[in-house]
Amino acid sequence: MEFARDIRLQWWLTLVAGVLVIVTFVFTVSRLIRGRED
Amino acid sequence: MGPYHAIMVHFPVAFWTVAAGAIIFRSLSDRPLARAFDRVLIACLVVGESAGLVAYVLGQLVWPPDTLQATPLGRNHMMSATWSLFFFGSVLFLRWRAGEEVWDGPVNRVIMLLLGSLGAVLLAITGTLGGHLHGAPARLSDLLKMIGLNVYETFYLPTWMLVVVAVVIMALLALGTAATRRPAASMQHPEGGT
(Lines give C-alpha, C1' and ligand atoms only; values in the text may rest on other atoms or scores of the structure.)
Protein backbone atom coordinates (compact mmCIF):
# COMPACT_ATOMS: atom_id res chain seq x y z
CA MET A 1 0.00 0.00 0.00
CA GLU A 2 1.51 3.29 -1.14
CA PHE A 3 -0.24 5.37 1.50
CA ALA A 4 1.57 3.95 4.49
CA ARG A 5 0.63 4.90 8.01
CA ASP A 6 3.54 7.31 8.49
CA ILE A 7 2.72 9.10 5.23
CA ARG A 8 -0.94 9.30 6.27
CA LEU A 9 0.10 10.95 9.53
CA GLN A 10 2.38 13.35 7.65
CA TRP A 11 -0.48 14.20 5.26
CA TRP A 12 -2.89 14.89 8.12
CA LEU A 13 -0.28 17.02 9.89
CA THR A 14 0.27 19.00 6.68
CA LEU A 15 -3.47 19.56 6.31
CA VAL A 16 -3.83 20.76 9.90
CA ALA A 17 -0.64 22.86 9.72
CA GLY A 18 -1.95 24.60 6.60
CA VAL A 19 -5.22 25.41 8.32
CA LEU A 20 -3.40 26.77 11.39
CA VAL A 21 -1.06 28.91 9.28
CA ILE A 22 -3.99 30.39 7.36
CA VAL A 23 -6.02 31.12 10.48
CA THR A 24 -3.15 32.56 12.54
CA PHE A 25 -1.86 34.66 9.63
CA VAL A 26 -5.21 36.31 8.96
CA PHE A 27 -5.89 36.65 12.70
CA THR A 28 -2.54 38.40 13.17
CA VAL A 29 -3.14 40.69 10.18
CA SER A 30 -6.53 41.68 11.61
CA ARG A 31 -4.92 42.40 14.99
CA LEU A 32 -2.17 44.49 13.41
CA ILE A 33 -4.63 46.52 11.34
CA ARG A 34 -6.88 47.18 14.34
CA GLY A 35 -3.88 47.85 16.57
CA ARG A 36 -2.57 50.46 14.18
CA GLU A 37 -6.01 51.96 13.96
CA ASP A 38 -6.13 52.35 17.77
CA MET B 1 -23.57 12.34 -3.66
CA GLY B 2 -21.11 12.96 -6.52
CA PRO B 3 -23.55 14.81 -8.80
CA TYR B 4 -24.85 16.93 -5.90
CA HIS B 5 -21.32 17.85 -4.92
CA ALA B 6 -20.61 18.81 -8.55
CA ILE B 7 -23.74 20.99 -8.61
CA MET B 8 -23.07 22.56 -5.23
CA VAL B 9 -19.42 23.49 -5.83
CA HIS B 10 -20.52 25.95 -8.52
CA PHE B 11 -21.69 28.32 -5.79
CA PRO B 12 -18.52 28.65 -3.67
CA VAL B 13 -16.43 28.72 -6.84
CA ALA B 14 -18.55 31.54 -8.26
CA PHE B 15 -18.80 33.60 -5.08
CA TRP B 16 -15.19 33.11 -4.03
CA THR B 17 -13.96 33.95 -7.53
CA VAL B 18 -15.96 37.19 -7.44
CA ALA B 19 -14.67 37.84 -3.91
CA ALA B 20 -11.04 37.27 -4.92
CA GLY B 21 -11.50 39.50 -7.97
CA ALA B 22 -13.15 42.18 -5.83
CA ILE B 23 -10.31 42.07 -3.29
CA ILE B 24 -7.67 42.35 -6.02
CA PHE B 25 -9.58 45.14 -7.78
CA ARG B 26 -10.24 47.11 -4.58
CA SER B 27 -6.64 46.78 -3.40
CA LEU B 28 -5.53 48.36 -6.68
CA SER B 29 -8.23 50.98 -7.11
CA ASP B 30 -10.25 53.65 -5.27
CA ARG B 31 -12.68 54.13 -8.14
CA PRO B 32 -16.46 53.95 -7.49
CA LEU B 33 -16.72 50.53 -9.17
CA ALA B 34 -14.04 49.11 -6.88
CA ARG B 35 -15.83 50.59 -3.84
CA ALA B 36 -19.09 49.07 -5.07
CA PHE B 37 -17.41 45.66 -5.27
CA ASP B 38 -16.14 46.12 -1.72
CA ARG B 39 -19.67 46.83 -0.48
CA VAL B 40 -20.81 43.35 -1.62
CA LEU B 41 -17.59 41.62 -0.56
CA ILE B 42 -18.81 40.42 2.84
CA ALA B 43 -22.08 39.17 1.31
CA CYS B 44 -20.14 37.26 -1.37
CA LEU B 45 -17.86 35.74 1.26
CA VAL B 46 -20.75 34.76 3.55
CA VAL B 47 -22.69 33.06 0.73
CA GLY B 48 -19.50 31.48 -0.62
CA GLU B 49 -18.53 30.17 2.81
CA SER B 50 -22.02 28.76 3.49
CA ALA B 51 -22.25 27.08 0.09
CA GLY B 52 -18.63 25.93 0.42
CA LEU B 53 -19.41 24.26 3.73
CA VAL B 54 -22.35 22.39 2.20
CA ALA B 55 -20.25 21.41 -0.85
CA TYR B 56 -17.44 20.25 1.46
CA VAL B 57 -19.78 18.02 3.47
CA LEU B 58 -21.32 16.62 0.28
CA GLY B 59 -17.81 16.00 -1.04
CA GLN B 60 -16.99 13.98 2.06
CA LEU B 61 -20.04 11.81 1.31
CA VAL B 62 -19.17 11.03 -2.33
CA TRP B 63 -17.02 8.11 -1.22
CA PRO B 64 -16.30 6.58 2.19
CA PRO B 65 -13.36 8.37 3.86
CA ASP B 66 -10.97 5.45 3.30
CA THR B 67 -11.83 5.42 -0.41
CA LEU B 68 -11.48 9.18 -0.78
CA GLN B 69 -8.12 9.07 0.93
CA ALA B 70 -6.98 6.04 -1.07
CA THR B 71 -5.76 8.12 -4.03
CA PRO B 72 -3.39 11.09 -4.19
CA LEU B 73 -5.99 13.04 -6.19
CA GLY B 74 -8.60 12.51 -3.48
CA ARG B 75 -6.16 13.43 -0.71
CA ASN B 76 -4.87 16.53 -2.51
CA HIS B 77 -8.38 17.68 -3.38
CA MET B 78 -9.54 17.23 0.20
CA MET B 79 -6.53 19.16 1.50
CA SER B 80 -6.89 22.09 -0.90
CA ALA B 81 -10.67 22.19 -0.31
CA THR B 82 -10.10 22.33 3.44
CA TRP B 83 -7.55 25.10 3.03
CA SER B 84 -9.89 27.03 0.69
CA LEU B 85 -12.73 26.79 3.18
CA PHE B 86 -10.59 28.07 6.05
CA PHE B 87 -8.84 30.64 3.86
CA PHE B 88 -11.99 32.39 2.66
CA GLY B 89 -13.54 32.02 6.12
CA SER B 90 -10.50 33.80 7.55
CA VAL B 91 -10.67 36.53 4.89
CA LEU B 92 -14.34 37.00 5.76
CA PHE B 93 -13.38 37.36 9.43
CA LEU B 94 -10.64 39.85 8.50
CA ARG B 95 -12.87 42.03 6.33
CA TRP B 96 -15.69 41.94 8.91
CA ARG B 97 -13.41 42.56 11.91
CA ALA B 98 -11.11 45.20 10.43
CA GLY B 99 -13.74 46.90 8.26
CA GLU B 100 -12.72 49.33 5.57
CA GLU B 101 -9.38 49.89 7.33
CA VAL B 102 -8.09 46.91 5.34
CA TRP B 103 -7.81 49.30 2.39
CA ASP B 104 -5.96 52.02 4.35
CA GLY B 105 -2.35 52.52 3.31
CA PRO B 106 -0.13 50.69 0.87
CA VAL B 107 0.88 47.93 3.34
CA ASN B 108 -2.72 46.91 4.01
CA ARG B 109 -3.48 47.00 0.31
CA VAL B 110 -0.49 44.83 -0.55
CA ILE B 111 -1.56 42.31 2.13
CA MET B 112 -5.11 42.25 0.71
CA LEU B 113 -3.74 41.95 -2.83
CA LEU B 114 -1.68 38.94 -1.74
CA LEU B 115 -4.67 37.40 0.07
CA GLY B 116 -6.93 37.89 -2.96
CA SER B 117 -4.35 36.40 -5.31
CA LEU B 118 -3.61 33.49 -2.96
CA GLY B 119 -7.33 32.76 -2.64
CA ALA B 120 -7.75 32.71 -6.41
CA VAL B 121 -4.76 30.34 -6.80
CA LEU B 122 -6.02 28.07 -4.02
CA LEU B 123 -9.46 27.95 -5.61
CA ALA B 124 -7.97 27.17 -9.03
CA ILE B 125 -5.90 24.32 -7.57
CA THR B 126 -8.93 22.90 -5.73
CA GLY B 127 -11.08 23.10 -8.85
CA THR B 128 -8.38 21.53 -11.00
CA LEU B 129 -8.01 18.60 -8.62
CA GLY B 130 -11.80 18.20 -8.51
CA GLY B 131 -11.88 18.19 -12.29
CA HIS B 132 -9.27 15.44 -12.39
CA LEU B 133 -11.33 13.39 -9.91
CA HIS B 134 -14.43 14.00 -12.00
CA GLY B 135 -12.70 12.81 -15.16
CA ALA B 136 -12.19 16.26 -16.67
CA PRO B 137 -8.48 17.03 -16.28
CA ALA B 138 -7.36 20.56 -17.13
CA ARG B 139 -4.00 21.78 -18.36
CA LEU B 140 -3.56 23.70 -15.12
CA SER B 141 -2.06 20.56 -13.62
CA ASP B 142 0.83 20.97 -16.10
CA LEU B 143 1.43 24.45 -14.70
CA LEU B 144 1.34 23.07 -11.17
CA LYS B 145 3.84 20.40 -12.15
CA MET B 146 6.22 23.14 -13.31
CA ILE B 147 6.30 24.51 -9.75
CA GLY B 148 6.86 21.04 -8.32
CA LEU B 149 3.29 20.07 -7.42
CA ASN B 150 2.40 16.80 -9.12
CA VAL B 151 -1.34 16.31 -8.68
CA TYR B 152 -0.91 12.55 -8.98
CA GLU B 153 1.33 12.39 -5.90
CA THR B 154 0.23 13.02 -2.33
CA PHE B 155 1.27 16.48 -1.19
CA TYR B 156 2.73 16.56 2.30
CA LEU B 157 5.43 18.47 4.16
CA PRO B 158 8.50 16.75 5.59
CA THR B 159 8.88 16.81 9.36
CA TRP B 160 11.49 19.60 9.38
CA MET B 161 9.14 21.77 7.33
CA LEU B 162 6.31 21.09 9.77
CA VAL B 163 8.61 22.28 12.56
CA VAL B 164 9.29 25.48 10.58
CA VAL B 165 5.53 25.95 10.11
CA ALA B 166 4.99 25.45 13.86
CA VAL B 167 7.60 28.14 14.59
CA VAL B 168 5.94 30.49 12.09
CA ILE B 169 2.55 29.89 13.75
CA MET B 170 3.99 30.68 17.19
CA ALA B 171 5.67 33.82 15.84
CA LEU B 172 2.41 34.97 14.23
CA LEU B 173 0.51 34.38 17.47
CA ALA B 174 3.14 36.32 19.43
CA LEU B 175 2.95 39.17 16.93
CA GLY B 176 -0.84 39.24 17.08
CA THR B 177 -0.82 39.18 20.86
CA ALA B 178 1.78 41.96 21.03
CA ALA B 179 -0.33 44.06 18.66
CA THR B 180 -3.28 43.57 20.98
CA ARG B 181 -1.41 44.34 24.16
CA ARG B 182 0.21 47.56 22.93
CA PRO B 183 -2.98 49.63 22.81
CA ALA B 184 -4.19 48.04 26.05
CA ALA B 185 -0.94 48.99 27.80
CA SER B 186 -1.14 52.53 26.49
CA MET B 187 -4.69 52.80 27.78
CA GLN B 188 -3.45 52.23 31.35
CA HIS B 189 -1.85 55.67 31.19
CA PRO B 190 -4.10 57.59 28.88
CA GLU B 191 -2.49 60.91 27.93
CA GLY B 192 -0.07 60.52 30.79
CA GLY B 193 1.83 63.71 29.87
CA THR B 194 -1.13 66.00 30.28
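**Figure 1. Charged side chains and overall make-up of chain B in the predicted model.** Chain B carries 12 positive and 10 negative side chains, and the centres of these two sets are 3 Å apart. The model shown here and in the views that follow is a predicted one. Chain B contains nine helices and zero strands, so that, read from the N terminus on, the order of its elements is α-α-α-α-α-α-α-α-α. Along the principal axes, the C-alpha atoms of chain B fill a box of roughly 70 × 45 × 30 Å, and 41% of the 194 residues of the chain count as buried. The surface that chain B exposes comes to about 10,800 Å², with carbon and sulfur atoms supplying 72% of it. Where contacts in chain B link residues at least 6 apart in sequence, 73% of them join residues that are at least 24 apart.

**Figure 2. Helix H4 of chain B and the elements that cover it.** Helix H4 of chain B spans residues 41-60, which makes 20 residues, and its reach of 28 Å from the first C-alpha to the last is close to the 28 Å expected at 1.5 Å a residue. The buried residues of H4(B) include B:Leu41, B:Cys44, B:Leu45 and B:Gly48, and also among them are B:Ala55, B:Leu58 and B:Gly59. Cover for the buried residues of H4(B) comes from elements including helix H1 (2-8), helix H2 (10-28), helix H3 (32-39) and H6 of chain B.

**Figure 3. Surroundings of B:Tyr56 in helix H4 of chain B.** B:Tyr56 lies in helix H4 of chain B, and is it buried or partly exposed? With a relative accessible area of 21%, B:Tyr56 counts as partly exposed, because the buried class is kept for values under 20%. Apart from residues up to four places away in sequence, B:Tyr56 touches B:Met78, B:Ala81, B:Thr82 and B:Leu85. One of these partners, B:Met78, is 22 residues from B:Tyr56 along the chain, and the C-alpha atoms of the two are separated by 8.5 Å.

**Figure 4. Helix H6 of chain B, with B:Phe93.** Helix H6 of chain B (residues 72-98) has 27 residues and reaches 38 Å from its first C-alpha to its last, a span close to the 39 Å expected at 1.5 Å a residue. H6(B) is mostly covered, with 23 of its 27 residues buried, and the residue that follows the helix is B:Gly99, whose phi is positive, near 65°. B:Phe93 lies in this helix and counts as partly exposed, at 31% relative accessibility. Which residues are in contact with B:Phe93, leaving aside its neighbours within four places in sequence? The contacts of B:Phe93 are with A:Ser30 and B:Ala98. B:Leu162, by comparison, is 69 residues from B:Phe93 along the chain, and their C-alpha atoms are separated by 26 Å.

**Figure 5. The contact between chain B and chain A.** The contact takes 38 residues from chain B and 31 residues from chain A, and the area buried between the two chains is about 3,300 Å², of which carbon and sulfur atoms give 75%. Within the area that chain B buries against chain A, B:Trp83, B:Arg97 and B:Leu172 supply 15%, which is more than any other three residues. Chain A has one helix and zero strands, and of its 38 residues 42% count as buried. The surface that chain A exposes is about 2,200 Å², and carbon and sulfur atoms supply 64% of that area.

**Figure 6. A:Thr28 against residues of chain B.** A:Thr28 is found in helix H1 (residues 5-37) of chain A, and at 1% relative accessibility it counts as buried. Not counting residues up to four places away in sequence, A:Thr28 touches B:Leu172, B:Leu173, B:Leu175 and B:Gly176. B:Leu172 is also one of the residues named for the area that chain B buries against chain A.

**Figure 7. B:Ala124 in helix H7 of chain B.** B:Ala124 lies in helix H7 (residues 105-133) of chain B, where, at 33% relative accessibility, B:Ala124 counts as partly exposed. B:Ala124 and B:Pro3 are 121 residues apart in sequence, and from C-alpha to C-alpha they are 20 Å apart in space.

Key:
Residues numbered from 1 in each chain as written. Chains lettered and ligands numbered in written order. Predicted model: local features only at pLDDT ≥ 70, side-chain atom pairs only at ≥ 80, totals over all residues. Heavy atoms only, no water. Helix = DSSP H or I, 4+ residues; strand = E, 2+ residues; numbered from the N terminus. Expected span 1.5 Å × (residues − 1). Buried < 20%, exposed > 50% of the residue type's maximum accessible area, 1.4 Å probe, protein only. Contact = heavy atoms within 4.5 Å. Areas by Shrake-Rupley, 256 points an atom, 1.4 Å probe, with all protein chains shown as cover. Lys, Arg positive; Asp, Glu negative; His and termini not counted. Charge placed at Lys NZ, Arg CZ, Asp CG, Glu CD. Buried area = accessible area lost by both parts, 1.4 Å probe.
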